[in-house]
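Let's take a walk through a structure with both protein and DNA in it. Have a look at the picture first, then read on.

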There are 2 protein chains.
Amino acid sequence: MHNRMDTKQNMDVRTLCLGALMGGEATGYEIRKMFEDGTFSHFQIASLGSIYPALTKLTQDGMVTFVEREQENRPDKKVYQLTSEGRRTFLRTLLQTRPGEDRYRSDILFMLTFAEELPIELTEALIDEFAARHEMMKFDIDPDNPQKDECPLAHGRDEDGQPTPGCRFVAGLGQAMCEATLKFIRENKSGLIEELRTRKDRKA
Amino acid sequence: MHNRMDTKQNMDVRTLCLGALMGGEATGYEIRKMFEDGTFSHFQIASLGSIYPALTKLTQDGMVTFVEREQENRPDKKVYQLTSEGRRTFLRTLLQTRPGEDRYRSDILFMLTFAEELPIELTEALIDEFAARHEMMKFDIDPDNPQKDECPLAHGRDEDGQPTPGCRFVAGLGQAMCEATLKFIRENKSGLIEELRTRKDRKA
DNA sequence: ATCGATATATATCGAACTGATATAGTCATT
DNA sequence: AATGACTATATCAGTTCGATATATATCGAT
């Protein structure tokens, strides 16, 4: 866990796992869910293929420990927990790190860039799909979403079970972005479709 | 270039390069700039380390051709151009592809999630940095931005040199997202900082 | 004048990560 | 009884990133 203050790299999966465990114990499977559906889902990604090796490495380095927990009617779990060393290292990393660039990747927006070369129905479908995904995301982000209360994955809760201010802020920002996206689509979709139609007519 | 209709993968660099060349000829270096600063910068990424091998592969597959162009006071260029096969393949890919999930990655938002564990000055600095980056991005995205007229990289222009409707739509969406982000920060930053301060006082 | 930084331009490579797959059991639906 | 979905860990091939090397030129600062 060396210093990366100088680089432009994004946080590696080991650091992300430490962060995920700041909210309490969790299995590798549960950590993935935090990035897939949970607290971190709209602004960080990590797959199982990187999480499990990361947890192994972190165990070797003394950053986390685990206990194997037998379950009825379920495969055994390895429940991981931060060591005080791990906690210290994570917070030190946050203090020392120049945060990497934000990166947003969207196949749909890339494809829409070529709208003029596509059938208009496809363009419409792409925009609708984009809107649907953001509608879903807006819903998923909500920290007060009743769904989330059931699962133990939601990190960033204080003693009262309330989301911490930081989490609330980040969630609110995510929702604002989703809403802006949806608003833009409501206001501009039909205009784009019309323009594409006129252009196609002019060509023909 | 096989069918990936069934998978959830994002577009590979080869496909992105074909798309970049839809706007006309370009060198590998120029393609990277499209993803770094140019048209695609806010929603796709590709690095030189993947672009050059991709162009080599595309040449082997007959999707692109290149001419070596000598330059005065500059290293030689390899100027790539789509073949009709490449153009057809790209458009077929767009038609056949189920677009991969959008993915947004932000170290800053991840860090802000732990605001309670950080010094308040760092939290403030992170938010300011986030705002500054989005301010910059909002400016960079503008397809009518005078800066862009100089460089030949801006794809998605029709015969009149005007951005195509698709590009305009995607750019507008990007700007709307930036604006929403900035608005949210304006309206919520001081509230967060205050809340963090009160909590810290209560602990002490 | 020379130094360091930045820009143009291509190429390569180790390290990291993704997505797929394997294994294995449960549960609900068809 | 079969298919698919969920819990759970593990591994690996293929892809991509970030760093670095090489070579040349410009430009501001010392």
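## Who sits by the DNA?

Keep in mind that this is a predicted model. Start with DNA strand D, which has 27 residues around it; those that come nearest are Tyr52(A), Gln71(A), Lys77(A), Lys78(A) and Ser50(B). Sorted by class, this surface is made up of eight nonpolar, 10 polar and nine charged residues.

Which elements supply at least two residues each of the surface near DNA strand D? From chain A there are helix H2 (28-36), helix H3 (48-60), strand E2 (77-82) and strand E3 (103-105), and chain B adds its own helix H3 (48-60).

## Backbone or bases?

Now flip to the DNA's point of view. Of the strand D atoms within 4 Å of the protein, 72% belong to sugar or phosphate, and the rest to bases.

Chain B gives some nice examples. Ser50(B) has a polar side-chain atom 2.6 Å from a phosphate oxygen of DNA strand D, and for Ser47(B) that kind of distance is 3.2 Å. With Val13(B), a backbone N or O atom lies 3.2 Å from a phosphate oxygen of the strand.

## Inside the protein

The largest nonpolar core counts 104 residues, and Ile31(A) and Ile31(B) touch the most other members. Skipping neighbours within four places in sequence, Ile31(A) is in contact with Cys17(A), Ala20(A), Leu21(A), Ala26(A), Ile51(A) and Leu55(A).

## Where the chains meet

How much area do chain A and chain B bury between them? About 6700 Å², with 68% of it on carbon and sulfur atoms. On the chain A side, Arg105(A), Phe110(A) and Phe169(A) lose the most area to chain B, together 13% of what that side buries. In terms of contacts, 70 residues of chain A meet 70 residues of chain B.

Note on methods
Residues are numbered from 1 along each chain as its sequence is written. Chains are lettered from A and ligands numbered from 1 in the order in which they are written. This is a predicted model: local features need pLDDT of at least 70, side-chain atom pairs count only at pLDDT 80 or more; totals for chains, interfaces and linings use all residues. Side-chain values use heavy atoms; hydrogens and water are left out. A residue is near a molecule or strand if one of its heavy atoms lies within 4 Å of it. A polar contact is a pair of N or O atoms within 3.5 Å; within protein, one must be able to donate a hydrogen and the other to accept it, and residues adjacent in sequence count only if both atoms are side-chain atoms. Helices (H or I, at least four residues) and strands (E, at least two) are DSSP runs, numbered from the N terminus. Ala, Val, Leu, Ile, Met, Phe, Trp, Tyr, Cys and Pro count as nonpolar, Asp, Glu, Lys and Arg as charged, and the others, Gly among them, as polar. A nonpolar core is a set of buried Ala, Val, Leu, Ile, Met, Phe, Trp, Tyr and Cys residues joined through side-chain atoms within 4.5 Å. Buried means under 20% relative accessible area, exposed over 50%, partly exposed in between (1.4 Å probe, protein chains only). Contact means heavy atoms within 4.5 Å. Buried area is the accessible area (1.4 Å probe) that two parts lose on being put together, summed over both.
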